[in-house]
Amino acid sequence: MNMVTSRRLPARPLAVPNLLTYARIIAVPMVVACMYWQDILQGGLWLRWVALFIFIIAGVTDVLDGYFARKWGEQSSFGRMLDPIADKLLVAATLLMLVHAGTIQSWSIWAAIVILCREILVSGLREFLAELRVSVPVTALAKWKTTIQLLAIGFLIAGPAGETVLPGTVAIGLALLWVAAGFTMYTGWDYMRAGMKHVMDTSADISP
């Protein structure tokens, strides 16, 4: 994996790509609220469909903000910082609610833990390297991991509501979650190895 020096562009907080990222952040409490209402407050299963709809819209904004940022040349440092934060907030909050609701349980909880730990690890690595003005490019495999992960969470959000339409919805979601966890471990190690190589190179440069 190649590390490249990032070129900082002026931040435009109200640029369309950033507005789409804000929408994804706003979607986090909305998804959590729907699942909380359905599970803890014993609301109807229709709330799972609402949560899934909001989650899908949030996923669409993730695609669109990157597309518009590239098309209009609005790839700023602010956007690169905020975009992964929004993604991780959405994934982490949803996984926690799915565990609490019992949709993710038993050994499958370990898959969720692996995914969350990897997100924290990569976030810490990106933050450290950002101080050195070094960006961590997203690999094709990492994009596949994200796609499978979002599909898994989507099936699991539907959960018991989805079972009424497609029997085995939860099983499909859990299987995809384990696949995503496998990709997560591989890409996490890939990021760590590349990051540590850069850290060691930097340490060697400043050694007396």
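Buried means under 20% relative accessible area, exposed means over 50%, and partly exposed lies in between, computed with a 1.4 Å probe and protein chains only. The exercises below apply this and other terms to one predicted model.

The model is predicted, so local features need pLDDT of at least 70 and side-chain atom pairs count only at pLDDT 80 or more, while totals for chains, interfaces and linings use all residues. Residues are numbered from 1 along each chain as its sequence is written, and side-chain values use heavy atoms, with hydrogens and water left out.

**Exercise 1. The overall build**

Task: State which pattern of helices and strands the chain follows.

Solution. Step 1: recall that helices (H or I, at least four residues) and strands (E, at least two) are DSSP runs, numbered from the N terminus. Step 2: count the elements, which come to six helices and two strands. Step 3: read them along the sequence, which gives β-α-α-α-α-β-α-α. Step 4: add the degree of burial, since buried residues make up 38% of the 208 residues in the chain.

**Exercise 2. Two loop residues with positive phi**

Task: Determine where S106 lies and whether S106 counts as buried or exposed.

Solution. Step 1: begin with the general rule that most residues other than glycine have a negative phi. Step 2: S106 has a positive phi of about 55 degrees, although S106 is not a glycine. Step 3: S106 is found in the loop between α3 and α4. Step 4: S106 counts as exposed because its relative accessibility is 54%. Step 5: treat Q42 in the same manner. Q42, also not a glycine, has a positive phi of about 60 degrees. Q42 belongs to the loop between α1 and α2, and its relative accessibility of 65% makes Q42 exposed.

**Exercise 3. A salt bridge between two helices**

Task: Identify which residue forms a salt bridge with D87, and classify the accessibility of D87.

Solution. Step 1: a salt bridge is a side-chain nitrogen of Lys or Arg within 4 Å of a carboxyl oxygen of Asp or Glu. Step 2: the partner of D87 is R24, and the closest N and O atoms are 2.8 Å apart. Step 3: the pair links distant parts of the chain, for D87 is in helix α3 (residues 77-101) and R24 in helix α1 (residues 16-39), 63 residues apart. Step 4: D87 is partly exposed because its relative accessibility is 22%. R24 is buried because its relative accessibility is 1%.

**Exercise 4. A network of salt bridges**

Task: Name which residues are linked with K88 in a network of salt bridges, and describe two of the bridges.

Solution. Step 1: note that the structure holds four salt bridges. Step 2: in the bridge between E119 and K88, the closest N and O atoms are 3.3 Å apart. This pair joins helix α4 (residues 108-131), which holds E119, to helix α3, which holds K88, and the two residues are 31 residues apart. Both E119 and K88 are buried. Step 3: E119 also forms a salt bridge with K145, with the closest N and O atoms 3.3 Å apart. Here K145 is in helix α5 (residues 140-163) and E119 in helix α4, 26 residues apart. K145 is buried, as is E119. Step 4: the network consists of K88, R118, E119 and K145.

**Exercise 5. A nonpolar surface patch**

Task: Find which element gives the largest share of the nonpolar patch.

Solution. Step 1: patches are made of residues with over 30% relative accessible area and no salt bridge, where like charges are joined within 9 Å and nonpolar side chains (Val, Leu, Ile, Met, Phe, Trp, Tyr) within 5 Å. Step 2: list the members, which are Y36, W37, I40, L41, W46, W49, V50, V165, L166 and I172, with about 940 Å² of accessible area together; such areas come from the Shrake-Rupley method with a 1.4 Å probe, and for residues only the protein chains shown count as cover. Step 3: the elements that give two or more residues are α1 and α2 (46-71). Step 4: α2 gives the largest share, three residues. Step 5: take Y36 as one member. Y36 is in helix α1, and Y36 counts as partly exposed because its relative accessibility is 38%.
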